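Good morning, everyone, and thank you for making room for me today. Please have a look at the sequence and the structure as they come up, and then we will walk through them together.

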Amino acid sequence: MLRTLASRCAATSRRFLASRVVNVGSVEAYDKLSTTGDLVVTNYTASWCGPCQAAAPVFDKMSEDHDDVIFCKVDIDDEDLGDLVAAAQVRAVPTYTFTKGGETVADNVQGADMEAIRDVLLDQS
C-alpha cells in the first residue's frame with residue numbers, strides 16, 4: 001500500500017515539476033553545459049520581449065519532453081553574458097541555438113518558430 005501511494009505521489013508530482021530549463025548565469029556555466037556531449041538548445045531571450053514570453057511555456061514543455069537534451073536560457077540584457085550573446089551572433093530575440101560538444105549542429109532559429117525547434121530536435125535524435 002505504501003509503495004502504491006508513493007508511486008502515485010511521484011507520478012503526480014512529476015506532472016507539476018518546473019521545467020528543466022537551466023538559467024545560465026555565467027559564461028563559465030554555459031561552457032560546462034556545452035561540453036557535456038549532449039545536445040544543448042539555448043534560448044537567447046529578454047524580459048521585455050513579448051514573443052519570448054509567449055514562447056517560454058512551449059520551450060519549458062519541450063524541456064520536459066526531451067530529457068536527453070539540455071535546454072538553457074540566456075538573458076541577452078545580462079552584461080556578464082555579453083560575450084556569449086555576441087559569439088552566438090544573436091540579432092533578434094528570441095534566438096535559439098543548437099550545439100553538441102561545443103559545435104553547432106543546426107542553424108539558429110530566430111523568432112518564436114517552435115515548429116522549427118521541434119524539427120531540429122527530431123533531426124538530432
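Let me begin with a question: how many residues lie between β4 and β5 in the hairpin that they form, and which residue in the turn has a positive phi? There are two residues between the strands, and Gly101 in the turn is the one with a positive phi, of about 60°. Before going on, I should say that this is a predicted model, in which local features need pLDDT of at least 70 and side-chain atom pairs count only at pLDDT 80 or more, while totals for chains, interfaces and linings use all residues. Residues are numbered from 1 along each chain as its sequence is written, and side-chain values use heavy atoms, with hydrogens and water left out.

When I speak of helices and strands, I mean DSSP runs numbered from the N terminus, with at least four residues of H or I for a helix and at least two of E for a strand. Two strands count as paired if DSSP finds at least two bridges between them.

With that in hand, we can look at the sheet, which is open and has five strands in the order β1-β3-β2-β4-β5, with mixed pairing. β1 (22-23) and β5 (103-110) stand at the edges with a single partner strand each, so one side of each is left without a neighbour in the sheet. As general background, strands of a sheet pair through backbone hydrogen bonds, either parallel or antiparallel.

Going along the sheet, β1 and β3 are parallel and share two bridges, and here Asn23 has Lys73 in β3 as its bridge partner. β2 and β3 also run parallel, joined by seven bridges, with Thr42 partnered by Cys72 in β3. To get from β2 to β3, the chain passes through helix α3 (residues 50-65), in a β-α-β crossover that is right-handed, meaning that, with the strands pointing away from the viewer, the path from the first strand over the helix to the second runs clockwise. β2 (residues 39-45) pairs with β4 (residues 95-100) in the antiparallel sense over six bridges, and Asn43 has Tyr96 of β4 as its bridge partner. Finally, β4 and β5 run antiparallel with five bridges, and Phe98 stands opposite Ala106 in β5.

Now, what is hidden and what is not? I call a residue buried under 20% relative accessible area, exposed over 50%, and partly exposed in between, using a 1.4 Å probe and protein chains only. Five of the seven residues of β3 are buried, so β3 is largely enclosed by the rest of the structure; Cys72 is buried too, with a relative accessible area of 0%. Thr99, found in strand β4, counts as buried at 9%.

In helix α2, the buried residues are Tyr30, Leu33 and Ser34. They cover an arc of only 90° around the axis, taken from the directions from the helix axis to the C-beta atoms, which puts them on the same side of α2. The face turned away from that buried side carries the exposed residues Glu28 and Lys32.

Last comes the disulfide, by which I mean a pair of cysteine sulfur atoms within 2.5 Å. The structure holds one, joining Cys49 to Cys52 with an S to S distance of 2.4 Å, and both cysteines are buried.
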